[in-house]
Amino acid sequence: MTGTVTNIHHVGIVVRDLHRAYRFWRDTLGLPLVKEAELADQGVRAALLAAGDSEIELLEPLSPDTGVARFLASRGEGLHHLCFRTSHVDHHLEQLKARKVALLDTAARDGLAGRIAFLHPKACHGVLVELATPPGAEAVVESPVRFKRLVIGCRAPQETAHTYRSLFDLPDVEINGGPRTMLGWAGGSTLLMVPASEVGGMEGMVALSMVAPDMPPLIARLEAFGPAMLLGAGELTVEPQSSHGVHLHISRWHFP
Ligand code: CO
């Protein structure tokens, strides 16, 4: 039996203060809280919020000598890791080990999302990737804003896409040629690999795109909250200083 990746389980965001972050991600965007817990071995308080087929994980460091605290100190709040749901994390880990893929965890352990393990960032061109096998079928929680796409800046998008196909067997999503590549599930969560030159030279996770079926109530909540944002026709962008370091784009839901 092998580990099969079935979706992007969540994207992890490091925040300074979890309860402050709730004001934006839970109360303003409206993402329902699925679970919150203190993870002593990782030195964090973490929360998962529902966002359609995927979730958003918020991570607050509890002590200064942890990876998450060091990330916060050196880079500030922002996108920290990407987690794929795999059917059997232990089997998947064995396959990766057999291929000599660089890992942070050589054995799966208990995490907020279930049984989890982290790869070394050098395995995925600088992106920290987690694998998770949730304990059982997770109930679908309705959310007014849904995860759509994570944008990854790459020195060589085709090469990065090849790595993700090879390690996680991610399917390709058709897009109109060019230097960009999209992997994931059409109509569901996707990863968009773009040349770093298109995103100010940034490599790694650079932006998060979400969709909302009903924009007016969302815009009303955002205006009450007062973030730095740009409103367009059927879309909006929240500036990172208002969304805990995340370049966030939200557009009106449309089926592809
Ligand atoms: Co995570």
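Two strands are taken to pair if DSSP finds at least two bridges between them. The model described here is predicted. In it, strand β14 and strand β15 (residues 235–238) are joined by four bridges and run antiparallel. Within this pair, L231 has L236 of β15 as its bridge partner. The two strands form a hairpin with two residues between them. G234 sits in the turn and has a positive phi of about 70°.

The hairpin belongs to an open sheet of eight strands with mixed pairing. The strand order is β10-β11-β12-β9-β13-β16-β15-β14. The edges are formed by β10 (172–173) and β14 (229–232), each of which pairs on one side only. Strand β13 (residues 204–212) and β16 run parallel and are joined by five bridges. One residue pair can be named here: M210 has I250 of β16 as its bridge partner.

Two residues extend the picture of this part of the chain. T181 is found in strand β11 (residues 181–184). T181 counts as buried because its relative accessibility is 6%, and the cut-off for buried is under 20%. Beyond its neighbours within four places in sequence, T181 is in contact with P157, Q158, A161, R165, D172, I175, L191, L192 and M193. V101 is 80 residues from T181 along the chain, and their C-alpha atoms are separated by 23 Å.

W253 lies in the segment after β16 (248–252). With a relative accessibility of 24%, W253 counts as partly exposed. Neighbours within four places in sequence aside, the contacts of W253 are R146, G187, V211, A212 and P213. I175, listed above among the contacts of T181, is 78 residues from W253 in sequence. The C-alpha atoms of W253 and I175 are 18 Å apart in space.

The protein chain is divided into domain 1 (5–133) and domain 2 (146–251). Their centres, taken over C-alpha atoms, are separated by 18 Å. Domain 1 contributes 41 residues to the contact, and domain 2 contributes 35 residues. The size of an interface is often given as the accessible area lost when the parts come together. Domain 1 and domain 2 bury about 3,000 Å² between them. Of this area, 72% is on carbon and sulfur atoms. F24, L79 and H125 supply 21% of the area that domain 1 buries against domain 2, more than any other three residues.

H125 also has a notable backbone angle. Its phi is near 55°, a positive value in a residue other than glycine. H125 is found in the loop between β7 (114–118) and β8 (129–133). At 34% relative accessibility, H125 counts as partly exposed. K100 likewise has a positive phi, of about 60°, although it is not a glycine. K100 is placed in the loop between α3 (89–98) and β6 (109–111). K100 is exposed, because its relative accessible area is 74% and the cut-off for exposed is over 50%.

The model also contains a cobalt ion, whose protein donors are H10 (NE2), E57 (OE), H81 (NE2) and E130 (OE). These donors lie 2.1 Å from the ion. Along the chain they follow the spacing H-x46-E-x23-H-x48-E. E57 in strand β4 (residues 54–61) and H81 in strand β5 (residues 78–86) are 24 residues apart, and the pair links distant parts of the chain. Both E57 and H81 are buried. The four donor atoms make angles of 88 to 174°, and the site is irregular. The tetrahedral class fails because all angles would have to lie between 85 and 135 degrees, whereas those at the cobalt ion reach 174°.

Strand β5 also holds H80. At 12% relative accessibility, H80 counts as buried. Leaving aside its neighbours within four places in sequence, H80 is in contact with G12, I13, V14, L59, V68, F71, L128 and M205. Among these contacts is M205, and strand β13 covers residues 204–212.

Methods: Residues are numbered from 1 along each chain as its sequence is written. This is a predicted model: local features need pLDDT of at least 70, side-chain atom pairs count only at pLDDT 80 or more; totals for chains, interfaces and linings use all residues. Side-chain values use heavy atoms; hydrogens and water are left out. Donors are N, O and S atoms within 2.8 Å of the metal (3.2 Å for Na, K and Ca); water is not among the atoms, so sites may look incomplete. Four donors count as tetrahedral if all angles lie between 85 and 135 degrees; four count as square planar and six as octahedral if opposite donors are over 155 degrees apart and all others between 65 and 115; anything else is irregular. Buried means under 20% relative accessible area, exposed over 50%, partly exposed in between (1.4 Å probe, protein chains only). Contact means heavy atoms within 4.5 Å. Domain bounds come from an automatic or database domain assignment. Buried area is the accessible area (1.4 Å probe) that two parts lose on being put together, summed over both.
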